[in-house]
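Please look over the assembly shown here before reading on; the paragraphs that follow go through its chain contacts, its nonpolar cores and one pair of packed helices.

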Amino acid sequence: MPLLEVENLSIGYQTRKGFLKAVEGASFTLEKGKSLGFVGESGCGKTTIGMALMGLLPSNAMIVEGRILFEGEDLVKMSDDQMRRIRGKKIAMIFQAAMNALNPVLRVDDQIAEAILTHDPDCTKKDAKKQVVSLYELVGIPRERMGDYPHQYSGGMKQRAIIAMALSCRPALIIADEPTTALDVIVQDQILKETKNLQKKFNISIIFISHDISIVADVCHDIGVMYAGQLVECGKREEVFDSPIHPYTHALLASYPTLTCERGALKSIKGETPNLIHPPDACRFCDRCSRSDTTCSIETPVWTEKSRTHRVLCCMPERTG
Amino acid sequence: MTENRIDRSMSDRSFFRKSHWLTRFWDGWSIFKGNLLGRIGMTLLILFALMAVGSFIPPLIDPMYHPMTGVDPEILNSTGPSISHWLGTDFMGRDILSQLLAGARVAFMVGVSAAFMSIFLGTAIGLIAGYAGKIVDTLLMRLADMIMVMPTLLVVLILAALFGQLNIWTIVLIIALFRWPGVSRVIRAQTLSLKQRPFIEAAKVAGASHVRIIFRHIMPNVLPLAFLYMTFRVTSAIIIEAALAFLGFGDPGTVSWGMMLQWVWKTGHMFKAPYWLLPPGICISLITLSFYMLGRAMDEVLDPRLRKEGEVD
Amino acid sequence: MDTHKKKSIIELARVSKFYRSKSSFFKEQKEAIIALDQISLKIFEGEIFGLVGESGSGKTTAGRLIVKLEEPNEGKIYLGENEIAGLKGTPLKDFRLKVQMTFQDPYQSLNPQLSIYDAVAEPLIIHRLGNAETQKATVSEAMTAVKLSPPDDFFHRFPHQLSGGQRQRVAIARAMVLKPKFLVADEPTSMLDASISAQIFNILLEIRKKYNTALLFISHSLAAARYLCDRIAVIYRGNLVELGPAEEIIQNPRHPYTQALIDALPQFARCEETVRYDTLLRPERQGSTVGCCPFFNCCKIADPLKCSREKPPMEKIGEMHEVACFFSETKKSENA
């Protein structure tokens, strides 16, 4: 049984200007020990999915339909209390700019110990501290820095501390939302490598959310490309990167500067993302798509399976193959 | 949609600037309407505004209703509510209701003028202090500190004792002179934070002079805050005027609620004429409360964090 | 690119910038944070020059010194033949006509109270260039150059109605409306989604082509710098460590820090498997790097005797390739 199975998830926000359909019809699965990366522009709904999995949607958000089956249980139907027990213990989240999630007036090791004690009331303070020591070793922060305050840590160290906190309760699933955005290139590379190692070591499933395709490409087994609230392509990393089908995936890949691409050859995607309060009924990407024609603006795209693991949401998948 | 926009020429530019304000105003209004305090405050204020406007009516109906000079030929002392005098009369036979209405007018006048003047002064000084920094900032802020710690009411009383009865506009001026420090501190803080923003640096790089930066870039971003503070200033101005009048230092030629309370007290009718004592007191409390509620509701309108609700990633 | 024929438009000669913490009653010594340490470089007319480094490396400070938002503590900066220190009045305004800047944060670099037209026309109004008619034409031209078309659509809008990418383009239009000779682009895409960056890069390339404006592209991404720039300078903790043609820096990096940056690039960006230099020392050495090589604490190939005592100067190792490392030649022979 897969660890996480999401079926036809649709989430919307009630705003003053109308009902914003942030996520529509997202379905995906995640096996134990595997990592899944969601990639897409800001506003495509990837963070919303992450929050929904944690049960941390704001008060004006509504899960319109769909199921989130985590270890067989539907998270959508759970009460706040039940979600609180799962949150942190079974599913942990690393937020955007998580470095600001550390309380500036408490020592870092105390904060991590507190997280451990909250979810495991039987654990003693001494044991909790011992666990913190081993966690620090895992994430690569020198032991002497354990008792410091957050402001004494560099950006990379703070992020490692956050990862340690997320790992502290040995969750089955970690959701990492843009975990390395504010970090320098070298630190980012180190943290991503360490995350990969930790994942293998503890057999944790990770959901990576990023707008940067290169991060997701390096770390994840499976990729989900999102556009305007919809999952438009889903598959193994090799399948999506080596043989992308959806024009948006093509465009994303073509817009990233690599070390060998020619000057002037980067293709930008013209146009802007559609209004999600009144999204078009037909394909949401068609007015920015280089391969669209009239059918795309009339028909609703359906899922086509290219292989058992690779599927795409497009009106003309054959044309774009 | 594009076709419509292309038709508009540059001469419509000013219209669109106004319409931007309109959309912002409309957005703000909808938040305001949703706030319970705002609704109550607004209703009360409208009531008082109507009273102020209506203060011109009674003397037109009959000269005996004039708040200062109207004397009912039949009544020579304080009487309770009756058909010809809905709230009764004061010790001289003047109609209390018309005095109450006139008092509303004075309250608004005093409150709004004093608030406006103190905002004007406070914003100007806060902008200069925040933008110039260093010595100018230090000097101005120490001046503000000195004025801020002085007890306004006491100083005004002393001045009144020295110079005798003060004209209402002098009182307004003095209130303004004592109230600007609070505003200037807030405006200065806002200016300091704006000064660092990239768009100010961009203006510098484009070659803008300091004057241009202050008036074109900083001031428009600081004014909403200034107006918010105005609502708070109004309450204190009204209370100070009422207190002064009550203590006998008000302008004897103006009928204000404080003045009415003074007359009740001085003529010994405090416990004898509740119809005379209660209305002005209640009015002072309510108008202060309504401005305060307005200020609280506006807080929500102006707070950018609250405005961002509903925007999603 | 033949550098002998090209004129230099901006030159930094041994420029340093440091910030002293305010001396208090209790502190005797004034501690200084060195943002830039004796930087020297030349940027030629019409060239796109990349300055690549991590946060805190001083790259943004260098840009700010060039546009005179701050003044250097040591050294001189030249625009063409003229020193720019101490410019006031009309010469300063002339300078501003020629040197412009865009900022990193598109959400904060536009005045929220000004319409897009007002924001872009502002430099023209400040310098009193043209009348309302010609100004409108210039603004339209600038907006079209940054692909905000049709311009009329955007004139009446306000910044909060635009996306981050659009706002950054407005900022570029505003900088270009004066047709400056030199534009500092400070991390123009670091706050934008990766997919929108491509558009900004292409716009910058077109601007250089159309207006022959020299560009200083400040970034933390070597891949982006390689895409955009003719030459790249790598800066580490306020020191220039390597400088040379873009392609050369990428294919044949000599400084261990540049090599570490290339190693750190995501595999995806590297296409084929390139050689790993593996020059980073983990864990780092501790200690101050004043008076010695700034990269000493993180460097695997450093010689504890030489590198901790002297600071390596920038030396020419190729036609236009300079490196500040005592062991740049050794590494070459290892990789050859």
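How many residues of chain A are in contact with residues of chain C? There are 29 residues of chain A in contact with 29 residues of chain C, two residues being in contact if their C-beta atoms, placed from the backbone, lie within 7 Å. This is a predicted model, in which local features need pLDDT of at least 70 and side-chain atom pairs count only at pLDDT 80 or more, while totals for chains, interfaces and linings use all residues. Residues are numbered from 1 along each chain as its sequence is written, and chains are lettered from A and ligands numbered from 1 in the order in which they are written.

On the side of chain A that touches chain C, α6 (185-202) and α7 (213-219) of chain A each supply at least two residues, helices being DSSP runs of H or I with at least four residues and strands runs of E with at least two, numbered from the N terminus. The most is given by α7(A), with five residues.

Chain C also meets chain B, in a contact that takes 26 residues from chain C and 23 residues from chain B. The elements of chain C that give two or more residues to this side are α2 (89-98), β6 (99-102), α3 (116-126) and α5 (151-155), and the largest share, four residues, comes from α3(C).

Turning to the interior, the largest nonpolar core has 169 residues, of which Val120(C), Ala173(C), Leu216(C) and Phe217(C) touch the most other members. Such a core is a set of buried Ala, Val, Leu, Ile, Met, Phe, Trp, Tyr and Cys residues joined through C-beta atoms within 7 Å, where buried requires 20 or more other C-beta atoms within 10 Å of the residue's own. Helix α5 (residues 96-132) of chain B contributes the largest share of this core, 16 residues. Apart from this core lies another, of 90 residues, including Ala115(A) and Cys315(A).

The same label, α5(B), leads to a helix pair: the axes of α5(B) and helix α10 (residues 210-246) of chain B come within 7 Å and cross at roughly 140 degrees, with axes taken as lines fitted to C-alpha atoms over the stretch in contact and angles running from 0 to 180 degrees between N-to-C directions. The two helices are therefore oblique to each other, since angles under 35 degrees count as roughly parallel, over 145 as roughly antiparallel, 65 to 115 as roughly perpendicular and the rest as oblique.

Conventions
A residue is buried if 20 or more other C-beta atoms lie within 10 Å of its own, exposed if 12 or fewer, and partly exposed in between; C-beta atoms are placed from the backbone.
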